[in-house]
Every structure is written in C-alpha cells, then in structure tokens.
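Biologist: I am new to this structure and would like a close look at a single part of it. Please take one strand, and then tell me about its surroundings in a connected way.

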Amino acid sequence: MKEVICICCPKGCHLQVDEEHDYKVTGNGCPNGLAYGKEEITNPTRIVTSTVRVTGGIHPRCPVKTDKAVPKKLVPAVMEALNDIDLKAPAAGGAVVIEHVCGTDANIVTTRSI
C-alpha cells in the first residue's frame, strides 16, 4: 500500500493505492483522485514550467511550459534542454520553442508574448 497526496484540486486528499489489488485507490474525494492515484504509482507525469533566455526583448527571460505532461523521470532532461535555448524576440505567446522535447509528444511553448 502506497500513500500519495492528490494534486488535482486544493483539497489535497491523502490517497492510499493498493498495488496488490489492481491499484485500488481509497481516500479520494472525487473521481479525479481515482485516476490520479493509479497514474501516480504506475506512470507519473508532470507539466514542466520554467523560463528560457531571451535576446533582443525587453525582458531577459520568457516563461515556457510543456504543452502536455511528460514522464516524471524525464523532467531533469527537459530542464537541461531548456538551458541551451536562447529565444530571439519577438515571439508570440504559444510559440513552439522545442518540438517533441526529449523524444516525447510534448512541445515546449511560450506562455506569453515577448
């Protein structure tokens, strides 16, 4: 039995996930907790948010994020890939900065115009 705290909403339910009984989830306050608990144990994923360097803009950094969740184990590699990015201004909000980051289906996109 593993315990995780659900991050689907501000309630932060303490979930118990029973690996020996097909990842049965208890302690959830809503259906989202059921799905989250099982996924967090079997294949945890995260949306990655960060910033990248900007050249030629009024701000030195631009906020970015993955447009889809990536496997949690790839988060350090995604962050490393962002270190090499030097975004040229101007760039529109939602512009793709890196396609298929670290071999995933996710792209790194800007979250504001710069």
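Modeller: What follows starts from strand β6 and works outward to the sheet, the core and a few sites beyond them.

This is a predicted model, in which local features need pLDDT of at least 70 and side-chain atom pairs count only at pLDDT 80 or more, while totals for chains, interfaces and linings use all residues. Residues are numbered from 1 along each chain as its sequence is written, and side-chain values use heavy atoms, with hydrogens and water left out.

Strand β6 covers residues 61–66, and C62 lies in it; helices (H or I, at least four residues) and strands (E, at least two) are DSSP runs, numbered from the N terminus. C62 is buried, with a relative accessible area of 0%, where buried means under 20% relative accessible area, exposed over 50%, and partly exposed in between (1.4 Å probe, protein chains only). Although C62 and T51 are eleven residues apart in sequence, their C-alpha atoms are 5.2 Å apart in space. Once its neighbours within four places in sequence are left aside, C62 is in contact with S50, T51, V52, V54, L87, T110, R112 and I114, contact meaning heavy atoms within 4.5 Å.

T66 also belongs to β6, and T66 is buried too, with a relative accessible area of 0%. Its side chain reaches the backbone oxygen of K68 at 2.9 Å, a polar contact, that is, a pair of N or O atoms within 3.5 Å (within protein, one must be able to donate a hydrogen and the other to accept it, and residues adjacent in sequence count only if both atoms are side-chain atoms). Not counting residues up to four places away in sequence, T66 touches R46, I47, V48, V78, V101, A106, N107 and I108.

Turning to the partners of this strand, β5 (residues 49–55) and β6 pair in the antiparallel sense over five bridges, where two strands pair if DSSP finds at least two bridges between them. Within that pairing, the bridge partner of S50 is V64 in β6. The hairpin of β5 and β6 has five residues between the strands, and G56 takes a positive phi near 85° there. β5 also pairs with strand β8 (residues 86–88), in this case in the parallel sense over three bridges; R53 stands opposite D86 in β8, and V54 stands opposite L87 in β8. Together, five strands form an open sheet in the order β8-β5-β6-β10-β9, with mixed pairing. The edge strands are β8 and β9, each of which pairs on one side only.

Helix α2 lies across β5, β6, β9 and β10 (108–110) and runs at about 10° to β5; axes are lines fitted to C-alpha atoms, for helices over the stretch in contact, and angles run from 0 to 180 degrees between N-to-C directions. The largest nonpolar core has 17 residues, of which V52, L87, V97, I98 and I108 touch the most other members; such a core is a set of buried Ala, Val, Leu, Ile, Met, Phe, Trp, Tyr and Cys residues joined through side-chain atoms within 4.5 Å. β5, β6, α2 (75–83) and β9 (96–98) each supply at least two residues of this core. A second, separate core of seven residues includes V4, L15, V17 and Y36. In soluble globular proteins, nonpolar side chains tend to be buried together.

Charged side chains come next. The structure holds two salt bridges, a salt bridge being a side-chain nitrogen of Lys or Arg within 4 Å of a carboxyl oxygen of Asp or Glu. R46, one of the residues that T66 touches, forms a salt bridge with E40, the closest N and O atoms being 2.9 Å apart. R46 is partly exposed, with a relative accessible area of 22%, whereas E40 counts as buried at 13% relative accessibility. In the salt bridge of K88 and D86, the side chains meet at 3.7 Å, N to O; K88 counts as exposed at 53% relative accessibility, and D86 as partly exposed at 34%.

Finally, a word on the backbone after β8. P90 is found in the loop between β8 and β9, and a cis peptide bond, with omega about 0°, joins A89 and P90.
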